[in-house]
Amino acid sequence: MATDSPTQRSREGWTDVEAVLLGNRDALGSERLSDTEERVERIRQTSGWFLAPLVAIVFFFLPLGMDGTQQTLAAVLLGVIVLWITEPVPIPIGGLIGVAAIVFLGVAKAADVLKPFGSTTVFTFIGAFILAQAMMQHGVARRIAFWLLGLPGVGKTTMRVLLAFGGVTCLLSAFVSNTATVAMLLPTAIGIVAVIARLLQERGLVEPGFDPTKLRIATAFMLMLAYSASVGGLLTPVGSPPNLIGRGLIEEATGKTIDFGQWFAIAFPICAVMFVALAIILTLINKPEVRKLEGVGEYLAEQKRHLGPLSRAERNTIIAFTFTVVGWLLPSILNVILGDDHAVAEAVAGRLNEGIVAVAGACLLFMLPVDWSERRFTMSWEEAAKIDWGTIILFGTGIIFGALLDDTGLAETIGKGAASTFGVTTPFALTVFAVLLAILISETTSNTAAAAVTVPIIIPLATAAGLDPFVPALAATFGASFGFMLPVSTPQNAIVYGSGVVPITRMIRSGISFDIIGAILIIIFLPIVAGLVGLV
């Protein structure tokens, strides 16, 4: 959404409050950290250059009595984990360094090592990312946001607007990148806060010349934006990279496939309760300065008018997106209606593979014309190539390490050692350990890296203890998305922190609460719902 200049807005009746919020800040929120935090980040990244090779070399030469292949793989994996956590190089590159080292050191042959890159989930990633790119590029996601926020009655009170805004963010994040969703909706959040700030000024509830970035309601909106993106990203397998990474590792280790409908059924109760907790706690910690609102509805209506009618590219994107979602959901729907053993349900499930459906939906974007006379289509390859290839590479390298852990027997060795060390002998204890470990790691590094690090640890732990690794590994996958406390925990946290509206103390206070609540919800709901949908 383009923002007018402060001068132009002032001519249209906007006050200096809006100028501060809309004119003096980058509308996409640069990921700005304090000087202290930047120093800590530099130290963390610089340390990786020395720690990664040191850890790998030291472990390689330790007299542990392990099988030579297992010890070599473990040394490389430890070095890669250090690279992922400290990030001296981009996270996907850290994974590729490890893959090269595995082949160079003779752990496995190149053909065997690279085989997991043919995983169907890799194609799910590619297709989903291209569809999301089209939704962002052609404005479909923004149109959905303004339509939902502009529903009758939404703009009447602060709580309704906050809930609607969080709901829109959740919905979009279920299919579009969490980071892209936050970046796209941040200008809308700032615009709504500007309307509220103007209303407070008109009512004489604030002093003249006040700083609108200090409003408690502004902090509540920004944190709702970041946190609801994390929560919404958990709703579908394609909502967030950790989902696909964790699911792929689980499928590789257990042979159990979690289809689109089953994932949604497991995640929905956790996300629903978490969303309610977000609304309650954020408004308690950041008590709004005003309850009843005027002007928000008019602001949203104005933004919708600027969008104009649906373009041909938007219609085509909606067609491709609808085709893909129907293809993902149809096998689950038929299983519920007809039963798993019905011939039709089996035939549809066998043909509508998620990866193939995602790729087919993405291909429609290159086939549906915007202007046939000029042979212009909804998406060009140059536009599609802008997707996050780094995450796709990271997923492939994560699957490679997961497969090699099993093939070399290192997974069993790690599991037995960890089981005796931590005393994790029950499914409940392992689930608790998995969730806490994943959340802890996600607070210090990206949630994608947290999933790639944690799930391969939990699976051998479960196997060594004689437990089914499915629930603990899935719990670790969910926990990887629940890092709420620090700006560095997720890109969406960094974006809203960079807006200058969210004090670090309030992010920490709110984030600790949601880390705890999220862990409890995963531990309680996940095993129950997984049992109800027939996965355990």
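This passage looks at the overall build of the chain, then at one inside residue and one nonpolar surface patch. The structure is a predicted model.

Taken as a whole, the chain is mostly a story of helices: there are 25 of them, alongside two strands. Of the 536 residues, 54% are buried. Contacts often link parts that sit far apart in the sequence: among contacts with a separation of 6 or more, 79% are between residues 24 or more positions apart. What is left open on the outside adds up to an accessible surface of about 22200 Å², and carbon and sulfur atoms account for 65% of that.

For a look inside, take Ser228, which is part of helix H11, the stretch running over residues 216-232. Its relative accessible area is 0%, so Ser228 counts as buried, the cut-off being under 20%. The side chain of Ser228 comes to 2.4 Å from the backbone oxygen of Met224. Setting aside neighbours within four places in sequence, Ser228 also touches Gly166, Thr169, Cys170, Leu223, Phe275 and Leu278.

Now for the outside. Val326, Leu330, Ile333, Ile337, Leu338 and Val344 together make a nonpolar surface patch of about 490 Å². The biggest share comes from helix H15 (residues 312-338), which supplies five residues. Val344, another member of the patch, sits in helix H16, covering residues 343-351. With a relative accessible area of 42%, Val344 is partly exposed. That value is over the 30% needed for a patch residue, so Val344 can be counted in.

Note on methods. Residues numbered from 1 in each chain as written. Predicted model: local features only at pLDDT ≥ 70, side-chain atom pairs only at ≥ 80, totals over all residues. Heavy atoms only, no water. Patch = residues over 30% accessible without salt bridge, like charges linked within 9 Å, V, L, I, M, F, W, Y side chains within 5 Å. Areas by Shrake-Rupley, 256 points an atom, 1.4 Å probe, with all protein chains shown as cover. Salt bridge = Lys/Arg side-chain N within 4 Å of Asp/Glu carboxyl O. Helix = DSSP H or I, 4+ residues; strand = E, 2+ residues; numbered from the N terminus. Buried < 20%, exposed > 50% of the residue type's maximum accessible area, 1.4 Å probe, protein only. Contact = heavy atoms within 4.5 Å. Polar contact = N/O pair within 3.5 Å; in protein donor to acceptor, adjacent residues only side chain to side chain.
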